[in-house]
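Good morning, and thank you for making time for this short presentation. I would ask you to keep the sequence and the model in view while I speak.

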Amino acid sequence: MSILLLVAAIVVLALGVSWYTRSSVSSSSPARAATAKTQTAKHMTPEQSALLELALHPGEDGIPIMFALETCRHCRKTRDFLNENKVTYHLVYVDQYPGDVRAQLMDKVRTFNPRGSFPTFVMPGGKTVVGFREQLLREALHHDSGRTD
């Protein structure tokens with residue numbers, strides 16, 4: 001009988017601790033979330049901060065921008081194609097940014113590509129090429145360069 005009482009006491013104590021922990025976490029979560037947002041911006045490098053500013057206003061400096069993921073093979077193929085053709089562009093790896101900033105970047109990507117897929121290559125005039133589409137990239141780059149050949 002004493003063992004039964006001991007087990008019952010342990011169960012009651014465990015449930016009480018679990019309930020207390022859940023209620024204290026949920027009551028402080030808005031403050032914790034605000035702190036997390038402040039901290040994520042602090043964890044960006046100066047290069048990431050500069051690139052973020054360009055990404056939130058694509059094309060304003062007259063240079064195309066590519067939104068990509070580090071692990072995306074189509075992004076890698078597009079990057080290789082652009083580099084082989086000596087194209088000047090900004091490259092933003094969306095997955096390198098912390099959560100709240102990544103969400104801002106995804107909102108920007110979706111303004112040009114509602115599916116939010118990668119890579120998303122945006123020309124200064126707003127023309128967008130989604131995915132590795134060599135011919136479309138050539139046409140967009142040719143048109144944007146003003147060449148007639």
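Two strands are taken as paired if DSSP finds at least two bridges between them. By that criterion, β1 and β2 pair in the parallel sense, over 4 bridges. One of the pairings can be named: alanine 68 has tyrosine 93 in β2 as its bridge partner. Please bear in mind throughout that this is a predicted model.

Let me now place that pair in the whole chain. The chain has 5 helices and 4 strands, and from the N terminus on its elements run α-α-β-α-β-α-β-β-α. Of its 149 residues, 29% count as buried. Among contacts with a separation of 6 or more, 59% are made by residues 24 or more positions apart.

I turn next to the sheet. In what order do the 4 strands of the open sheet lie? The order is β2-β1-β3-β4, and the pairing is mixed. β2 and β4 stand at the edges with a single partner strand each, so one side of each has no neighbour in the sheet. From one strand to the next, the twist averages 15 degrees.

The parallel part of this mixed pairing is the one with which I began, between β1 and β2. On the other hand, β1 and β3, the latter spanning residues 120–122, run antiparallel and are joined by 3 bridges. Here phenylalanine 67 stands opposite threonine 120 in β3. As for helix α3, it packs on the sheet and touches β1, β2 and β3, and its direction makes about 155 degrees with that of β1. Together, β1, α3 and β2 make a right-handed β-α-β unit.

Let us stay with α3, which covers residues 73–84. Threonine 78 has its place in this helix. Is threonine 78 buried or exposed? It is buried, because its relative accessible area is 1%, and the cut-off for buried is under 20%. Leaving aside residues up to four places away in sequence, threonine 78 touches Met66, Pro119, Gly131, Phe132 and Leu137.

Two of those contacts deserve further comment. Proline 119 sits in the loop between α4 and β3, and the peptide bond leading to it from phenylalanine 118 is cis, with omega near -5 degrees. Most peptide bonds, by contrast, are trans.

The other is phenylalanine 132. The structure holds 2 aromatic pairs. In one of them, phenylalanine 81 and phenylalanine 132 meet edge-to-face, at 6.2 Å centre to centre and with 65 degrees between the planes. This pair links distant parts of the chain: phenylalanine 81 belongs to helix α3, while phenylalanine 132 lies in the loop between β4 (128–130) and α5 (134–145), 51 residues apart. Phenylalanine 81 is buried, at a relative accessible area of 5%, whereas phenylalanine 132 counts as partly exposed, at 26%.

I come now to helix α2, residues 46–56. Its buried residues are Gln48, Leu52, Ala55 and Leu56. Why do they line one face of the helix? Seen down the axis of α2, they fall within an arc of 90 degrees, so they share a face. The general background is that an α-helix has 3.6 residues a turn, so residues three or four places apart point the same way. The face of α2 turned away from the buried side carries the exposed residues Pro46 and Glu47.

Against what do the buried residues of α2 pack? They pack against β1 (65–68), β2 (90–93) and α4 (99–112). The helix itself lies across β1 and β2, running at about 105 degrees to β2.

Finally, two loop residues. Lysine 86, in the loop between α3 and β2, has a positive phi of about 55 degrees although it is not a glycine. Most residues other than glycine have a negative phi. Lysine 86 is exposed, with a relative accessible area of 72%.

Arginine 115 is in the loop between α4 and β3, and at 73% relative accessibility it counts as exposed. Arginine 115 and valine 130 lie 15 residues apart in sequence and 9.7 Å apart in space, C-alpha to C-alpha.

That concludes my remarks, and I thank you for your attention.

Terms used. Residues numbered from 1 in each chain as written. Predicted model: local features only at pLDDT ≥ 70, side-chain atom pairs only at ≥ 80, totals over all residues. Heavy atoms only, no water. Buried < 20%, exposed > 50% of the residue type's maximum accessible area, 1.4 Å probe, protein only. Contact = heavy atoms within 4.5 Å. Phe/Tyr/Trp six-rings, centres within 6.5 Å; stacked < 30°, edge-to-face > 60°. Arc of directions from axis to C-beta. Axes fitted to C-alpha atoms, helices over the stretch in contact; angles between N-to-C directions. Right-handed = clockwise from strand over helix to strand, strands pointing away.
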